[in-house]
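Subject: Structure for your review

Dear colleague,

Please find the structure below, handed over for your own work. My notes on what was found in it follow directly after.

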Amino acid sequence: MDLTLRRKVKKAVSGSLAELYPHDLQLYVLPPTCSISLAEFEEFAMERLKAELKKNGLKLYAKLVQGSGTGQTEFELQMRKRDHISHFILRLAYCRSEELRRWLLAKELDLFRLRFHALSAEGVRLFLQGNKLDYDPIPAEEKSRLRDCLYESTYMLSSVQIETYEFYRVPFLDVLDLVRARKCFLSSGYAYIPSVDFISVLSSKFRDNLSHALVMTARQLPALEEDERLFLMLKGLHNTYTGDDYSINKNTTGVRPEELDSLSRKSFPLCMRQLHEHIRAHHHLKHGGRQQYGLFLKGIGVSLEDALRFWREEFTKLMDLDKFEKQYAYNIRHNYGKEGKRTNYTPYSCMKIIMGSVGPGDTHGCPFKHTDLPVLKQQLYNYNLPTTDIQAVADLVSHGHCQVACMKYFEVTHKVVPDSIVHPNQYFIQSQKALAGKEGFKMDTGLNVIGKLEYRRGIPHPYLCGVHEMSVYVSSFCCIKTYGASASSENSSLSSAPTQKIKMDDSDVWGDDFDVSALSTSAINAVNSHTEK
């Protein structure tokens, strides 16, 4: 008798597009089997990594967020197919290490939440039905018996709302985020959650499935090494930056060295501000710092002549002019494309800075990644940031959200919410616009906003922040239409729904509290109507 255990292998998807992709929202359980060209393979991968929807014309993925979720047109089916394939391409690229797996897991989980919130009532019902997610609300008698416990244990629900919402009895392991934050009632190994927190159950299942799938994909990865075309592309995909390179200076007036002291205090990101202060205090920077800061200055409009003058004035306070000209001036001219192979070098992106190596005594790098937390907090204190804001930044840093921490620093220092920041020069430009009071940089209300990071409302930008962030301004889902006053009438009740302060799911990735808007009433009703059936 053969007693060997045989592992079940899930069959790949096949069939018509209508059968394969009946819904915008997917759990990505089965891999695709269709054939695509190498050009399409790279295009799909880069498309999912790209950032600015409008600028790059990536309306395809925006439709997956803004649609009802149940359309059956050819265009919608092709969008879902593209979404499906590109997800599995990123699995191949991000499965090779634990750090990359956690990064992708966090981003896909954020995207799943956003897309679920955007579904219509019918879309939610069909999603639950299509994925065989059957949950029944507790009987009225049990709810009445546990009413006091539910009221005391459920976060931000009044006694009237306790009567209104359906409650579900689910294994507590499915809602660890709510358990961790003490926002649900526990009894005999089960958690009682209101329908407004039902997304926690779905998020848990999505996270578990994807986490396991990434590990299994990593085991099969060596088979791809035989194809150098795919292997080299996938190996470097997570280091790809797809935003503006800021190699062309759009500042026609230019920036003079005399202005740098003032600009560093007002408009420099923290990484560049600390470099500027270091060179002013010590009159020297190591090579990594000179490269990072010198190219940044080039990007904001400092000319080659002014750059040479700035570095010469500082360095010659510790050395003679002849030594500076022999050892340092060539490198400055080289960065401006005037020496060597005359390449027009571009300023470093956040990705390059965060992923770079920083040794003892170095001053370059990302302070939110490479600086010890007590030192960073003291630095922010010296900049006269409020204690509460310093702690908010520290919380983000302690959980690996470097770029979100930088955006929080921008918000505190400018009193406005920035667009998603993925480049130090982008930070500078947004700061200048904010200080100039240009339209589009007023305090974000969370309504009618496209492309604004919803970290203030607790939904971190997909493919942006994360543990040891890649800092790539990635994913075509970065520009998400928020669902407030601009939402359709069907979902217009969202703004009046109670705000739920929940904790993110993965304790290894998320640990800080965020404010998340509750499900719209239509989505809640869809869950209730489905479970009643």
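Within α15, the buried residues are Leu270, Cys271, Met272, Arg273, Gln274, Leu275, His276 and Ile279. Please bear in mind that the model is predicted. The 13 residues of α15 should span 18 Å at 1.5 Å a residue, and the end C-alpha atoms of this helix are indeed 18 Å apart, so the two values agree. Just after α15, His283 adopts a positive phi of about 60 degrees.

Helix α15 also borders an internal space. The structure contains 6 cavities of 30 Å³ or more, and the largest of them holds about 130 Å³ of space. Its lining consists of 16 residues, and those nearest its centre are Cys271, Cys350, Cys366, Phe368 and Cys406. At least two lining residues come from each of α15 (270-282), α20 (350-355), α21 (367-370), α24 (402-414) and α25 (424-436). In terms of class, the lining of the largest cavity comprises 14 nonpolar and 2 polar residues, with no charged residues.

The second largest cavity holds about 100 Å³ of space. It is lined by Arg290, Gly294, Leu295, Trp311, Tyr328, Asn331, Ile332, Asn335 and Tyr336. Helices α16 (287-300) and α19 (329-335) each contribute at least two residues to this lining. Here the division by class is 5 nonpolar, 3 polar and 1 charged.

Turning to the packing, the largest nonpolar core has 54 residues, and those with the most contacts inside it are Leu260, Phe268, Tyr293, Leu297, Ile300, Trp311 and Phe368. The helix that gives the most to this core is α24, with 8 residues. Another core, of 46 residues, lies apart from it and has Leu27, Phe88, Ile199 and Leu210 among its members. Two residues of the largest core also appear in the cavity linings: Phe368 in that of the largest cavity, and Trp311 in that of the second largest.

One further residue may be of interest. Gln391 lies in helix α23, which covers residues 387-398. With a relative accessible area of 35%, Gln391 is partly exposed, because that class lies between under 20% for buried and over 50% for exposed. Its side chain makes a polar contact with the side chain of Lys377, at 3.5 Å. Gln391 and Leu380 are separated by 11 residues in sequence and by 9.9 Å in space, C-alpha to C-alpha.

Yours sincerely

Key. Residues numbered from 1 in each chain as written. Predicted model: local features only at pLDDT ≥ 70, side-chain atom pairs only at ≥ 80, totals over all residues. Heavy atoms only, no water. 1 Å grid on protein atoms, 1.4 Å probe; cavity = no way out; pocket = protein on both sides within 12 Å on 5 of 7 lines; lining within 4 Å. Points joined across faces, edges and corners; volume = space filled by probe spheres on them. Helix = DSSP H or I, 4+ residues; strand = E, 2+ residues; numbered from the N terminus. Nonpolar A, V, L, I, M, F, W, Y, C, P; charged D, E, K, R; others polar. Core = buried A, V, L, I, M, F, W, Y, C linked by side-chain atoms within 4.5 Å. Buried < 20%, exposed > 50% of the residue type's maximum accessible area, 1.4 Å probe, protein only. Expected span 1.5 Å × (residues − 1). Polar contact = N/O pair within 3.5 Å; in protein donor to acceptor, adjacent residues only side chain to side chain.
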